[in-house]
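Below are some comments on the model you sent. They cover one strand residue and one helix.

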Amino acid sequence: MRKIAIIGSGGSGKSPLAGKLGIILNLPVFHLDAIFWKPGWKPIEREALIKANQSIVEKDAWIIDGNYGSTMDMRLQHADTIIFLHYRTTVCLYGIVKRRIQFHNKTRPDMGENCKEKLDWEFFQ
């Protein structure tokens, strides 16, 4: 396992799993949310996300967590291991609420700079 893609619903635990695996396997971890979201919840352009993903998947080893459909095929084609976290909706909602409480008014370590944790209706849907 040298190139691991972790995908799944919001709140399923992708980022914590990526971090733990990175430590255990001594692999670099890339959180797509940290790449996609710039300060103040400003998204990068689609082309920039694709370019960033391309530079990551060309590396010898990595763990990438996140969904982002525009780059999913690229990651899955280069991965030697794919982990799909598939939990009931209630489990994921619990994870989302727990994360919101834990990082209230703070930016998560797996998120872009100055993107304080928030919950909104769009995310829940």
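**Notes on K38 and helix α1**

1. K38 has a relative accessible area of 38%, which means that K38 counts as partly exposed, the class between under 20% (buried) and over 50% (exposed). Bear in mind that the model is predicted.

2. The residue belongs to strand β3, which covers residues 37–38. Leaving aside residues up to four places away in sequence, K38 is in contact with I44, E113 and C115. The side chain of K38 also comes to 3.5 Å from the backbone oxygen of I35.

3. K38 and M111 lie 73 residues apart along the chain, and their C-alpha atoms are separated by 8.9 Å.

4. Helix α1 takes in residues 14–25. Its 12 residues, at 1.5 Å a residue, should span 16 Å, and the end C-alpha atoms are 16 Å apart, so expectation and model agree.

5. Which residues of α1 are buried? They are K14, S15, A18, L21 and G22. Viewed down the axis of α1, the buried residues fall within an arc of 130°, so they line one face of the helix. The general background is that an α-helix has 3.6 residues a turn, so residues three or four places apart point the same way.

6. The buried residues of α1 pack against four strands: β1 (3–8), β2 (29–31), β5 (62–65) and β6 (81–85). On the face of α1 turned away from the buried side are the exposed residues K20, I23 and I24.

7. Just after α1 comes N26, with a positive phi of about 55°.

Notes: Residues numbered from 1 in each chain as written. Predicted model: local features only at pLDDT ≥ 70, side-chain atom pairs only at ≥ 80, totals over all residues. Heavy atoms only, no water. Helix = DSSP H or I, 4+ residues; strand = E, 2+ residues; numbered from the N terminus. Expected span 1.5 Å × (residues − 1). Buried < 20%, exposed > 50% of the residue type's maximum accessible area, 1.4 Å probe, protein only. Arc of directions from axis to C-beta. Contact = heavy atoms within 4.5 Å. Polar contact = N/O pair within 3.5 Å; in protein donor to acceptor, adjacent residues only side chain to side chain.
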